Amino acid sequence: MSESLLDRLLGRFARAAARIRAWHRWPYFVGVAMIVGHRVNMRRENLTDTEVSPPRPPPPDGFDVRGMRTADGSYNDLAKPWMGMTGARFGRNMPLAETFGERPPRLYEPSPRLVSNRLLARRQFVPVPHLNLLAAAWIQFMVHDWLSHGSNDKEAKPWDVPLPEGDRWIDGRMTVLPTDPDPRHPGDEGRPDAYTNVETSWWDGSQVYGSTRERQVLVRTDPATGKLREDGKLGLRENGALPLEHRTLRGKPSPRLELAGVNGNWWIALSVLHRLFAHEHNAIVDRLRIDFPDASGEWLFQKARLVNAALMAKIHTVEWTPALMNSHEGRTVMRGNFWGIMGETFTHAYGRIGSGEILSGIPGSPQAHHSAPYAMTEEFAAVYRLHSLIPDEISFRRHTDDSEVVRLDLTKVAGGEVCDVYDAVPFDDVVYSLGTSNPGALVLHNFPNALRQLDRLDSQGVHFDLAAIDILRDRERGVPRYCAFRRRIDAHVPSSFEELTDDPDWQRELREVYNGRIEDVDLLVGTLAEAKSAKYGTPPGFGFSDTAFRIFILMASRRLKSDRFFTDDFRPEIYTPAGFAWVQENSLRTVLERHCGALRPHFGDARNVFFPWTRAGA
Amino acid sequence: MVRTIRVPLLVDLLVAEEPDAIQALAAEARLDRGVPARAPLVNRMIAHRVADVLQVEGRPLPSVAPRDAPGRAAARDALETRLDARRIDQAHLDALAAYVVGRGDRPVGPLVQETIGRLFVAEFRATDETWQAARLLDQAARTLNPIRRLVWAFTGRVNDARRLLARRFAGDPAALHAVAIAVHTLVASFQRMRGLAARSGGVPRHPPAEAASICLAAPPRVLRYATAPGADAHATFRAGTLVLLGLEAARARTLAHDVAFLTATWSRCPAHAWVPALLEAVWQRAAETAQP
Ligand code: HEM
Ligand code: HEM
Ligand code: HEM
């Protein structure tokens, strides 16, 4: 709870220094100290609890809550067993007074569709040349672990997004169902609406394993027999592919859709990651069974899940994050976060040094929630709306000679059509193709057009523009707009469009769309515009904005620091010695080596497996 | 977080500004309002000052009366019932709305005082005199400045102020609390409203309930004494420890009405529903008048 003197000094220092210039424009050590200081300040001021009547978890009923993760995330925190569980509320990174959801007319000022058309629509694909498409899929894979608002409110009157003049939107009218708020309780008087996270908020692999016991049973079921697998493994088809569910986890029919803990917004690259980590789970089970030949399938399953989840967290921290911050400092320091600044080798050889996280990294240090119980936040979801990473088409090529098999639009590689891709292209070639393609850059005018006109082929044939929805959702859920948001994270607040971005065309377009009102610029738009602001915006080498970065350093560390299985109970006694070693010794690279060994020549030379792989013949 | 300031024999304070800690301490049976039998020097000074100022004919105003003071709870409940039935007359609503949109010609202090006073005495008229009396009582209850207190004691100004207001309300301690002490919290709320309305897009941008919630002010701190030593999850206290509940800081963080009014406790403000309803009605009216 309480801050050390060093913390307080760093916090004050960060604030003072930021008034002169942003952290990334100071020399390295000053910048790092400022980042740490910003995090201290945000841990104090940017964590707001919204829970007034938390869910009541059922009693553990003999389940070993100390040594295993429950399906719904309850009992991770033994003092507040509801913390982070399925159905708990999203918290906030902003003061509550600034988080009242916008309502018409404000909700439509300016029209989210206008923003989509004029500022977001992709004109020409802008790639990130130094990343591959697995990096884009990875973050969606993680988001599906962390959060979802679930189904929208079908009872409520839909939002009616005004169409700009001359817009020929399919139905002549753009209606969007509101997000379903949590029912209000007595303690909510005076407070904004709160929403619930239908996934566990923990970093527990729930995208693979589901966030309820029922879902977990489903993914553990053998598709051949329809029975729960007794060996502790996940169900897979004979050809190694994921089982078919034929509907989404919210129950909507979707022919040939694969089964996963979370199978929403499914596309080929997401399917690949799910398949890899289902296989990884099964490999962990095989390894644990060697040491525990008599253990039950249930025990093996739960221990393997614990290990697999920690491995994914490690991959995210030491491989994905540094790939997205392609700067020398970023890499060094972020590897430090998981293993500690003393480095992986040191921690391996000598164990932890004291309990401070700066020296030895977070995993294994004592659990702490700082100023609010652990929860995902609305603002975190907002800064992770990274849809511009997605390309509009993918070229599938053979790993043997890089020759093209087929080139497909995004819609042809999504939902149930993922299976058609696998029918035409062998799995290894699919993975190779993703490893050798680039994601889109997080800049204005780069939102995939396929996602700007999504057809949800349910009975009513619903169409929607995800770019407009991204804008609408942030406003609806009371995420402050860009300037208000920056004001609350000690970041420079632009007072003109010239300060927001250096690109004169963007300045002009933004000014037009927002009627000259800089304070009205939406959060998402601001983060994409700041990609071209040398002074205040995206730090050099970063794949995402400084605005998002502030929320990441606060929340990412919480995902580790609040979780008992990454802190107090990150130890061999809980993970089993073999399981603990598995986390230490593995990475996405070894996962790929294990399950796609034939591709080793292609990713073997990549310094980071999220960087583009070597093409055949190159 | 709970802060402690403790110097043996001199002072022993607990300051709570976290909603959880406040709720727990407000429910704590060993904490009460009133004057402690034994306490360090500064604690005693504060207790006596508050008790001296916030009384009428020797009876403590309800907001500082001990939990079991005779008739307190019953009077509180009766007042709450009465307030719930009370609507604001159109003239005051209009005047407050005019103030909020920056057009009013009446100073906000007396205007709010009159609005509250009429809940108790139908024809009450606030004047500059009654408003200055309210300000003086409020200051006197807060200040530790010995020179000011000496001057006041010498000139008898505080007693005069109290007498002036008491006369208008037939010595009703609840009314006196309302027009002399609570009035300042409400004035602060309307000042915030005026600020909100003045910001770009102002009035139409916020629905009434939201504006009311953002602008509601809570008492900066309310006082309790420990009648016996004890501890809870948040704090340890001894007999005589002075506990300051920083309601406004906690409200600002959570916007929770139940923190601002201590709704879920024995000392629940009887105006806990009336005040938000008034703020909403005024904002609504302001929105109507702001229409072109
Ligand atoms: C083909 C790929 C993708 C599709 C089809 C897709 C589709 C969607 C849809 C339909 C929504 C819900 C819209 C609503 O609120 O009604 C959504 C939300 C979201 N998406 Fe994606 N998405 C994709 C990729 C990604 C990626 C790469 C990210 C990167 C992190 C991402 C992050 C998010 C986030 C954070 C939300 C908000 C979730 C919530 O608040 O519940 N998505 N996406
Ligand atoms: C001593 C300095 C630093 C400390 C103690 C620190 C700490 C952390 C921790 C513990 C995490 C959580 C890792 C995760 O869960 O993903 C994190 C995330 C992150 N850090 Fe740092 N960090 C430091 C410096 C930096 C620097 C210099 C950069 C960039 C150049 C950086 C960029 C990031 C990013 C982008 C994330 C978020 C990734 C996500 O949301 O998952 N950090 N930081
Ligand atoms: C913004 C406006 C107001 C707020 C936030 C507020 C808040 C509070 C709080 C927190 C208390 C408890 C104090 C303690 O336990 O030490 C209290 C007590 C009280 N309030 Fe208010 N108040 C407001 C306005 C009013 C008004 C307008 C009235 C009268 C019409 C009123 C009448 C009372 C009375 C009589 C008590 C004493 C209750 C008892 O017997 O314990 N308040 N108020």
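**Exercise 1. Determine which residues of this predicted model lie closest to ligand 1, and how the surrounding shell is composed.**

Solution.
1. The shell around ligand 1 holds 22 residues, and the closest are His149(A), Asn265(A), His387(A), Arg473(A) and Arg477(A).
2. By residue class, this shell divides into 13 nonpolar, 6 polar and 3 charged residues.
3. Two helices of chain A, α4 (133-146) and α16 (466-476), each supply at least two residues of the shell. The largest share, 4 residues, comes from α4(A).

**Exercise 2. Identify the protein donor of the iron atom of ligand 1 and the polar side-chain atoms placed by this ligand.**

Solution.
1. With donors taken as N, O and S atoms within 2.8 Å of the metal, the only protein donor is NE2 of His387(A), at 2.1 Å from the iron atom.
2. His387(A) belongs to the loop between α12 (378-383) and β5 (393-397) of chain A. A polar side-chain atom of His387(A) also lies 2.9 Å from a nitrogen atom of ligand 1.
3. Oxygen atoms of ligand 1 have polar side-chain partners as well: one lies 2.7 Å from His149(A), and a distance of 3.0 Å applies to Arg477(A).

**Exercise 3. Carry out the corresponding analysis for ligand 3: which residue of chain B is the donor of its iron atom, and what surrounds the ligand?**

Solution.
1. The iron atom of ligand 3 has Cys269(B) as its only protein donor, through SG at 2.4 Å. Cys269(B) is located in the loop between α13 (257-260) and α14 (274-290) of chain B.
2. Ligand 3 is surrounded by 29 residues, the closest being Arg33(B), Arg72(B), Arg224(B), Ser267(B) and Cys269(B). They divide into 21 nonpolar, 4 polar and 4 charged.
3. For Arg33(B), a polar side-chain atom lies 2.6 Å from an oxygen atom of ligand 3. The equivalent distance for Arg224(B) is 2.7 Å, and for Ser267(B) 2.9 Å.
4. In chain B, α3 (72-84), α9 (173-198), β6 (222-226) and α14 each supply at least two residues of this shell. The largest share, 4 residues, comes from α9(B).

**Exercise 4. State what the pLDDT values indicate for chain A, and where in this chain the pLDDT is below 50.**

Solution.
1. Chain A has a mean pLDDT of 90, and 93% of its residues reach 70 or more.
2. Over residues 339-355 of chain A, however, the pLDDT is below 50. This stretch nevertheless has 30 contacts in the model beyond near neighbours in sequence.
3. Where pLDDT is low, predicted coordinates should not be read in detail.

Methods. Residues numbered from 1 in each chain as written. Chains lettered and ligands numbered in written order. Predicted model: local features only at pLDDT ≥ 70, side-chain atom pairs only at ≥ 80, totals over all residues. Heavy atoms only, no water. Donors = N, O, S within 2.8 Å, 3.2 Å for Na, K, Ca; no water. pLDDT = per-residue confidence, 0-100. Contact = heavy atoms within 4.5 Å. Near = heavy atom within 4 Å. Polar contact = N/O pair within 3.5 Å; in protein donor to acceptor, adjacent residues only side chain to side chain. Nonpolar A, V, L, I, M, F, W, Y, C, P; charged D, E, K, R; others polar.
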